[in-house]
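This report goes through a structural model by way of a few chosen positions, the two chains and the contact that joins them. Please keep the sequence and the 3D view at hand while reading.

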Amino acid sequence: MNDDLRDLYQEVILDHGRFPRNFRHPVDANRQAEGSNPLCGDRIRVLLTVDADDVIQDAAFQGRGCAVSMASASLMTEVLRGKSVGQAKALSDGVQVLATTGGNTQIPFGFEADMDRLSVLSSVRDYPARVKCATLAWHTMLAALAGQLQTSME
Amino acid sequence: MVIGRNETPAPYDVERIRADFPALGQTMRGRPLVYLDTAASAQKPHTVIEAEAGVYRSDYANIHRGLYQLSERTSAHYEEARETVRRFINARGHHEIVFTRSTTEAINLVAASYGRRFLVPGDEIILSELEHHSNILPWQQLQEDGGIVIKRMPVGDDGALELDSFLDLLGPRTRLVAVAHVSNVLGTVLPVAEIIHRAHAAGAKVLVDGAQGVVHMPVDVQALDCDFYAFSGHKLYGPTGIGVLYGKEELLDAMPPYQRGGGMIRSVSFEGSCWAPLSAKFEAGTPAIAQAIGLAAAIDYVQSVGLENVARHECELLGYATRRLSDLPGFRMIGTAPCKAGVISFTLDHAHPHDIAQVLDRAGIAIRAGHHCAQPLMERMGLAATARISFGLYNTGDEVDALVAALETVWEMFGK
């Protein structure tokens, strides 16, 4: 494979794309939303368990999509656990910037390691058509937190 | 695909044909471009590019208006283009050929003009499940605005039309059947002659969406006896922005104008206006003059190669690609109807269509991935998306080999 392809499909993306983590429906999930990217036909459901203190105790997803959208969703569920709702939104902002410019935003204190882990998603910045693949799960997560049931990447 | 078997085919010189298409000579990401997306839009031969440029260079003025030589010359070329289209599909008269912007506009024209004038609430239109959105949405508007009932002609798991179900759907309220000649997703060639025959017997009119039809096989609208036939220039190796609506004269005559404006009137007063005769009645405003002349050049080009020869060449490529691709692990062809044109939709167990297209792009290979503007068909097939390759008259067996090699890379990346 040539190197620039390897840049988009890094091992982490391929691994999470093939073996998505937290690919399940938690019985105690209390926030959920469905997100779709009509252009690709990608569709995922994000399921969150948020406690009384607004802390995400569990994050999971289901659905299908390309390697990038599956990997992004998988990484997201790993990173979100234990975060407050506010922190989740800040991380989502960070991913949006990563995916569109490759740069870093103001990272909430203490989450450098998380952003570092998510930095593989910056590889889509050179592929305008794929940015929505990387951000679908995050938009859907925000919709779930906002109490919307559906969101679309149109 | 109908191919004459009693003639000895001249050898098909694909390299000579490729030399006519300047865009095919370029490299993409360091590799020769392999263009396998002709069903989306075809590349253009020199003659088309030159014809269009030539209009602007020396033969351009507005048409049917000027009392000077340049305008008369441009008008003559524009009408000659109409005559070229008439001969191409063997329409009875040149006034049965209406230039539109695209297939989409041609279908919208029929829906808006014929549909609104002649269909009443409760009337039925039959569409097939494999239609492109542009042959669904204009009719859906009649359903929303005019109480027209849409009935769905089912396709089988192999992507072939279920003709028996169609016959069951035909009833006393069926007014129109609108159906693709060839599926843009699956390549299925529909039995339009049979559909037209049966629809007429039931008193219904038939519109054929020929966007993928005229590019793959000779079409004779009189032999088919279709009431309307629509196609685009850009899929036929011609310019964008030009399409054709063929309609039987008595139908077009009875239909009201689609758009109103300059060029389509006999007389205008504030008390009322009279329309120009066909085809001008349906060509309001300054038309796509250079594009119509470019389309005629494209038709001349395709006919110089011979559509029978194109059909035979694409059929060979289809057979070769089908054999080679079927050996790939996890390969599943979507659409295996017995009668197919040069289109292959597929999925791989291990990779999403978008990932497939992305990896192929890195190998200089252009394909389409997605729902191909046919979401009802995707739903019928239980898929969100497919990868699609489509052949044009310039594709080669070597390009199929390059495709297979690149798909092996996809397997190495995502499947191993």
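Gly213(B) is buried, with a relative accessible area of 0%, in what is a predicted model. This glycine is found in the loop that runs between strand 8 (205-209) and helix 8 (221-224) of chain B. Leaving aside its neighbours within four places in sequence, Gly213(B) is in contact with His181(B), Val182(B), Val219(B) and Tyr229(B). Gly213(B) and Asn184(B), which are 29 residues apart in sequence, lie 9.3 Å apart in space when taken from C-alpha to C-alpha.

A second buried position of chain B is Val302(B), for which the relative accessible area is 1%. Val302(B) has its place in helix 10 (residues 289-305) of chain B, and, not counting residues up to four places away in sequence, Val302(B) touches Leu236(B), Tyr237(B), Leu307(B) and Leu393(B). The C-alpha atoms of Val302(B) and Tyr394(B) are 11 Å apart in space, although the two residues are 92 apart in sequence.

**Backbone features in the loops of chain B**

Two residues other than glycine have a positive phi, and a cis peptide bond can be described alongside them. Phi of Arg29(B) is near 55°, and the place of Arg29(B) is in the loop between strand 1 (27-28) and strand 2 (31-32) of chain B. Is Arg29(B) buried or exposed? Neither word fits, because its relative accessible area of 45% makes Arg29(B) partly exposed, given that buried means under 20% and exposed means over 50%.

Cys373(B) also has a phi near 55°, again a positive value in a residue other than glycine. Cys373(B) is placed in the loop between strand 16 (368-370) and helix 13 (375-381) of chain B, and at 26% relative accessibility Cys373(B) counts as partly exposed.

The cis peptide bond leads from Leu278(B) to Ser279(B), with omega near -5°. Ser279(B) has its place in the loop between strand 12 (272-275) and helix 10 of chain B, and helix 10 is the element in which Val302(B) is placed.

**The two chains as wholes**

Chain B contains 14 helices and 17 strands. The radius of gyration of chain B is 22 Å, close to the 22 Å that the globule rule gives for 416 residues, so chain B is as compact as a globular protein of that length. Among the contacts in chain B between residues at least 6 apart in sequence, 71% join residues at least 24 apart.

Chain A has six helices and four strands, and along the sequence these follow the pattern α-α-β-β-β-α-α-α-α-β. The radius of gyration of chain A is 14 Å, close to the 15 Å given by the globule rule for 154 residues, so chain A too is as compact as a globular protein of its length. In chain A, 61% of the contacts between residues at least 6 apart in sequence join residues at least 24 apart.

The table sets out further values for each chain.

| Property | Chain A | Chain B |
|---|---|---|
| Span of the C-alpha trace along the principal axes | chain A: about 50 × 35 × 25 Å | chain B: about 75 × 55 × 45 Å |
| Share of residues that are buried | chain A: 50% of 154 residues | chain B: 57% of 416 residues |
| Accessible surface | chain A: about 6800 Å², 48% on carbon and sulfur atoms | chain B: about 16600 Å², 50% on carbon and sulfur atoms |

As for charge, chain A has 15 positive and 19 negative side chains, and the centres of these two sets lie 6 Å apart. Chain B has 37 positive and 49 negative side chains, and there the centres of the two sets lie 3 Å apart.

**The contact between chain A and chain B**

The size of an interface is often given as the accessible area lost when the parts come together. Chain A and chain B bury about 1600 Å² between them, and 52% of this area is on carbon and sulfur atoms. Which three residues supply more than any other three of the area that chain A buries against chain B? They are Leu5(A), Arg18(A) and Cys40(A), which supply 28% of that area. The contact as a whole takes 20 residues from chain A and 18 residues from chain B.

Note on methods: Residues are numbered from 1 along each chain as its sequence is written. Chains are lettered from A and ligands numbered from 1 in the order in which they are written. This is a predicted model: local features need pLDDT of at least 70, side-chain atom pairs count only at pLDDT 80 or more; totals for chains, interfaces and linings use all residues. Side-chain values use heavy atoms; hydrogens and water are left out. Helices (H or I, at least four residues) and strands (E, at least two) are DSSP runs, numbered from the N terminus. The radius of gyration is taken over C-alpha atoms; the globule rule is 2.2 Å times the number of residues to the power 0.38. Buried means under 20% relative accessible area, exposed over 50%, partly exposed in between (1.4 Å probe, protein chains only). Contact means heavy atoms within 4.5 Å. Accessible areas come from the Shrake-Rupley method with a 1.4 Å probe; for residues, only the protein chains shown count as cover. Lys and Arg count as positive and Asp and Glu as negative; His and the chain ends are not counted. The place of a charge is taken as NZ of Lys, CZ of Arg, CG of Asp or CD of Glu. Buried area is the accessible area (1.4 Å probe) that two parts lose on being put together, summed over both.
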